[in-house]
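Here's a quick tour of two pockets, one residue and one sheet. Have a look at the model first, then read on.

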Amino acid sequence: MDVEQVVPRSNYSEKHRPQFHFTPESNWMNDPNGMVYFNGEYHLFYQYHPYSSVWGPMHWGHAVSIDLIHWEHLPIALKPDQNGAIFSGSAVVDWDDTTGFFNGQSGLVAIFTHADTYPGSDKPRQRQSLAYSSDNGRSWTLYKGNPVLSEPRILDFRDPKVFWHKETNRWVMVIASGQSISIYTSLNLIDWEFASTFGEKEGSHQGVWECPDLFKLPVDNDPSKQKWVLLVSLGDHPDVDSGSKTQYFIGEFDGKTFRNDHHPDHVCWLDHGRDNYAGVTWSDLPDHDGRRILIGWMSNWRYANETPTEGWRSAMTIPRELVLKSTLAGVQLTQLPVTELKNIKEPLVLVKEQKITSGENVLSGIHENTLEITMDLNPGSSEVVGLKVLKSDNEETVIEYNAKTEMLTFDRTQSGDSSFHASFACKQTIKMNSPHERLQLTVLIDRSSIEIFGNSGETVVTNLVFPKEDSNGLELYSSDGIFIHSMEINRLKSVWTNP
Ligand code: FRU
């Protein structure tokens, strides 16, 4: 079957279709894969089922961008072959042709999981394979010697993330292996040597471990204080209300072994919402850029196959810059939308140093469903300050902060359609400090998603909602008035109809 023939073009105006987040033109998408920057382009591959809007035999869909905001869809990069379906994985620039695939030049190598079953049985088999491209990712060749790494003793053995470790002059692979992460090293991406495992009794084991990533970041932008961050996603499990989610560890890595700085029982969640999964970071950003940028799949395995969209399914989060910061709670990973978001902002409201009394909704005139709202306010004597978004007479999503208990609540029980799954309608409560009695929030709204970045990205909440098209009102409320230091609201333009 010719894939291009079964992918109808979209005008991106369907119900719930995000306007500034990445979505496939049609059909099913899950994890982001193979993110790599090369020759001025950000590549984004993704788990893709081109024949249906539910999960199925996995391909790698492909898109490129020059600003992380506007994307150009490219033909499918990898399709299932005799070794199986193409599960998640990563891509790197092989700058020095360590593989020998590029005649001494540089090229792209994808390292991914081939998923099939053992011959004559229905027992899943997951092995690691390579594909390479000498034309900026436009065409891919599967390596003749695939698979390059097998581990028959481990059933769940997938999602390799590879990077070049300068200090030891080797490629390093982190890969999910059952309930732990295995680390392998290689000189040529083809021959892999086992180095260590990490994870037993460390962090949360509420679901199967998937999609790891490992990278180094300075703490507080101080180049002399470097820490390693290990991301690990946890699959859905019936005993866990919140479904699938992502944790991270902070520690040391010597090229072979990762050591967790925290007590093994300590769990750091990447996102406190329900809809940010399998997030990993871009490889090979130039040193002069120096950022570490994450993108996640904005859904949850609990209900991902049932969300009420037609013809397409699932979006990615906004790309986010990751920064390690010392906070009152210790060193923490923070996330903020990449600054390139400025490319699509259209100013709507700017308020500075203004007192607002309770009962007064200063935002009643705004009717939009693709917005960036940034506010820095002082709750004063108000115990409760809130923002209702995507609001109409009978629908609203409520983001409420209790200044006394310092708890942030996200309530999507009245947000719109939640009939597709019993656990979708929910109210989440998250601890969020308000240093110096200031409440600082950036909120991104894109028709069917809401991303909240509290206190400069220390507390992040990402959630889907499925409101009616005309639920587009806004309300800022408080129990006893507030003082706005600054509030900026921008409309965010469609990245599909405004190339
Ligand atoms: C995570 C995941 C990966 C796997 C892929 C299959 O969402 O389960 O572990 O490689 O999805 O689509």
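The lining of the second largest pocket splits into 13 nonpolar, 11 polar and 2 charged residues; here Ala, Val, Leu, Ile, Met, Phe, Trp, Tyr, Cys and Pro count as nonpolar, Asp, Glu, Lys and Arg as charged, and the others, Gly among them, as polar. This is a predicted model, where local features need pLDDT of at least 70 and side-chain atom pairs count only at pLDDT 80 or more, while totals for chains, interfaces and linings use all residues. Numbering starts from 1 along each chain as its sequence is written, and side-chain values use heavy atoms, with hydrogens and water left out.

A pocket is an open set of points on a 1 Å grid over the protein atoms alone, where a 1.4 Å probe fits and protein lies on both sides within 12 Å along at least five of seven lines; lining residues have an atom within 4 Å of a point. Volume is the space filled by probe spheres set on the points, with grid points joined across faces, edges and corners.

| Pocket | Volume | Lining | Top strand |
|---|---|---|---|
| Largest | about 1,100 Å³ | 39 residues | β13, 6 residues |
| Second largest | about 590 Å³ | 26 residues | β22, 5 residues |

Strands here are DSSP runs of E, at least two residues, numbered from the N terminus. In the second largest pocket, β17 (268-269), β22 (330-337), β28 (427-431) and β31 each supply at least two lining residues. Closest to the centre of that pocket are His272, Ala329, Gln332, Glu458 and Thr459.

Is Thr459 buried or exposed? Thr459 counts as buried because its relative accessibility is 8%, and buried means under 20% relative accessible area (1.4 Å probe, protein chains only). Thr459 sits in strand β31 (residues 459-464). Beyond its neighbours within four places in sequence, Thr459 has contacts (heavy atoms within 4.5 Å) that include His272, Ile430 and Phe453.

Over in the largest pocket, Lys166, Asp284, Leu285, Asp287 and Arg292 lie nearest the centre. The lining there has 19 nonpolar, 7 polar and 13 charged residues. Among the strands that each supply at least two of them are β1 (27-38), β9 and β21 (320-327).

β9 also belongs to an open sheet of 4 strands, ordered β9-β10-β11-β12 with antiparallel pairing; strands pair if DSSP finds at least two bridges between them. The edge strands, β9 (157-165) and β12 (193-198), each pair on one side only. Between β9 and β10 (residues 170-177) there are 7 bridges, and Arg158 has Ala176 in β10 as its bridge partner.

How values were computed
Buried < 20%, exposed > 50% of the residue type's maximum accessible area, 1.4 Å probe, protein only.
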